[in-house]
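Trainee: Hi! Could you walk me through this protein? I'd like to start with the empty spaces.
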Amino acid sequence: MKKSGAFSLIVALMTALSACAGGQAGKTNQFEQEGQARKTIVLSVFQAHPVYSFAAKKYGERHPDVDIQIQEYSQGEGSDLEGELEKYVNITNTELLSGKGADLISLDVSGFPVGKYVDRQALANLSEWMERDPDFDPRSYEMNILDGARMRGGLYTLPLRFFLDSLMGDAKAIEQSGVKFDDRTWTWREFTTVGQGLAESGIHEYSMGNTPPELMLNNLFVDNYTRIVHTEKHPASFDAHAFVELMEQVRTMYADKVITDAEVSAGDYFFAPALILSPEDYFIGPAMFYEQGKIYYKPLAAGQQAGGAFVMNMTLGMNKNSKVQAEAWDFMKYLMSDEIQTMPDLQGFSVNKSVNEKMFKELEDKGAVESPMGSAIPVQKADGDRLRQMVSQAVTPQQNDSKIQAIIEEEAKAFYSGQKSAQAVADLVANRVTTYLNE
């Protein structure tokens, strides 16, 4: 039994004895009268988010038999953030893999080996809770996001919010160039061909600028993660051959002058990466860079399903060994509710469909978005419809692992500077990554 549960029982007994002695039995709590202990749900986070605190308070008011405790690890400003993050990940790893730890865990911190948690049966399969819960209506949620977050045949990580990973581009220059492409289905190889055609127009020299090749390699790697990194079986493996192909593909982009690491003024290239953090971002980002800017779908990796990429945010996992799984699941549902998902200061899009639709409708009714420079950016219904489409069709989660990406960035420089061959670098990366994954 958790300490808080034992303490509640002691308090209940003491209250009951006091009531008998003083004739105050009518004032005892209903749950104390029935001899029931309050159940405690512990939510482990690196840094507390106001939304979690608010939700815990409101949920507790409606469920007096449940106590939600938020366990924050970060010491706040002035602390060694990087060192604390590493310690937090290590502590969580040790607890989860030994059958202990919090009931709910915030998985937003990069470095959590979620695949290992799933393989060791440390996380509960939330798909099972959804299927047997008569109050869970899939039609109320962005199931493309939840389906995209699935792994090993189940849903073990629940993103409450998400961002759209895309490109913004100079729509006016692209139209003037006469180059045609379908950004809903184009691949990175087609992006290179399109970039060569755009450059021939003479409007801009490059499709992208200010991007070192090792950074571009990492951008493509996250899209190709599941093709290169295999964690389904133990030990985990790394496809060095596929990684060599990816390195060569990136080198071709620079050799063909589609991308450059040279400094290029903002707006003097056809495209720029765009992470859409809100419906307003869809309009503000392109307007800040271009006279007539537009959001485009990010090119697809080899074998990647069409529909768009997304980044999970406010992601939670449930401890498979939790003694309060039913209560924890009910709290997770509450976190997905309209009441919580419409709170201010929440970034991104909601996993709750009605919340997103409300945001889109308010934007369309307003008719414009104010840019940071103070100008009004018009919002047309066609823009809203395209944004709705991008949200409803996003299917591929970005597989970000800061440790693997740091290894790639460090080792790939030797290839792009001509010091080592692609195979030599791929072998080094494969060795370091598999060592890390199998620790």
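Mentor: Happy to! A pocket here is an open set of grid points with protein on both sides within 12 Å along at least five of seven lines. Keep in mind that this is a predicted model.

Trainee: Okay, so how much space lies in the second largest pocket?
Mentor: About 330 Å³.

Trainee: And which residues lie nearest its centre?
Mentor: Those are Phe46, Gln47, His49, Ser106 and Asp108, out of 13 residues that line the second largest pocket. Helix H4 (81-97) and strand E9 (309-318) are the elements that give two or more residues to this lining.

Trainee: What about cavities, how many of 30 Å³ or more are there?
Mentor: The count comes to one. Its volume is about 40 Å³. Among the residues lining the largest cavity are Leu164, Tyr297, Gly307 and Met390.

Trainee: Let's zoom out. How many helices and strands does the protein have?
Mentor: There are 19 helices and 13 strands. The C-alpha atoms fill a box of roughly 95 × 55 × 45 Å along the principal axes. Of the 439 residues, 50% are buried.

Trainee: Which residues in the largest nonpolar core touch the most other members?
Mentor: Phe191, Met216, Phe221, Phe238, Phe243 and Phe271, from a core of 49 residues. Several helices supply at least two residues each, including H9 (188-200), H10 (213-223) and H19 (422-437). The largest share, nine residues, comes from H12.

Trainee: What does Phe271 touch?
Mentor: Leaving aside neighbours within four places in sequence, its contacts include Leu167, Ile174, Trp186, Phe191, Leu198 and Tyr296. Apart from this core lies another one, of 37 residues, with Tyr52, Leu146, Met318 and Met332 among them.

Trainee: Back to H12. How far does it reach?
Mentor: From first C-alpha to last, H12 spans 22 Å with its 16 residues, close to the 22 Å expected at 1.5 Å a residue.

Trainee: Which of its residues are buried?
Mentor: Among them are Ala240, Phe243, Val244, Met247, Val250 and Tyr254. A general point helps when you look at that list: an α-helix has 3.6 residues a turn, so residues three or four places apart point the same way.

Trainee: And what covers those buried residues?
Mentor: The cover includes H9, H10, H11, strand E6 (237-238), H18 and H19.

Trainee: What happens at the ends of H12?
Mentor: At the start, a side-chain oxygen of Asp239 comes to within 3.1 Å of the backbone nitrogen of His241. Just after H12, Lys257 takes a positive phi of about 60 degrees.

Trainee: New topic: where is Gly111?
Mentor: Gly111 sits in the loop between strand E3 (104-106) and helix H5 (114-119). Beyond residues up to four places away in sequence, Gly111 touches Val89 and Tyr436. The C-alpha atoms of Gly111 and Asp401 are separated by 5.7 Å, although these residues are 290 apart along the chain.

Trainee: Is Gly111 buried or exposed?
Mentor: Gly111 counts as buried because its relative accessibility is 10%, and the cut-off for buried is under 20%.

Trainee: Last one: what about Gln405, buried or exposed?
Mentor: Gln405 has 18% relative accessibility, so Gln405 counts as buried too. Gln405 belongs to helix H18 (residues 402-416). Its contacts, not counting residues up to four places away in sequence, are Asn218, Val222 and Asn400.

Definitions and conventions
Residues numbered from 1 in each chain as written. Predicted model: local features only at pLDDT ≥ 70, side-chain atom pairs only at ≥ 80, totals over all residues. Heavy atoms only, no water. Helix = DSSP H or I, 4+ residues; strand = E, 2+ residues; numbered from the N terminus. Buried < 20%, exposed > 50% of the residue type's maximum accessible area, 1.4 Å probe, protein only. Contact = heavy atoms within 4.5 Å. Core = buried A, V, L, I, M, F, W, Y, C linked by side-chain atoms within 4.5 Å. Expected span 1.5 Å × (residues − 1). Polar contact = N/O pair within 3.5 Å; in protein donor to acceptor, adjacent residues only side chain to side chain. 1 Å grid on protein atoms, 1.4 Å probe; cavity = no way out; pocket = protein on both sides within 12 Å on 5 of 7 lines; lining within 4 Å. Points joined across faces, edges and corners; volume = space filled by probe spheres on them.
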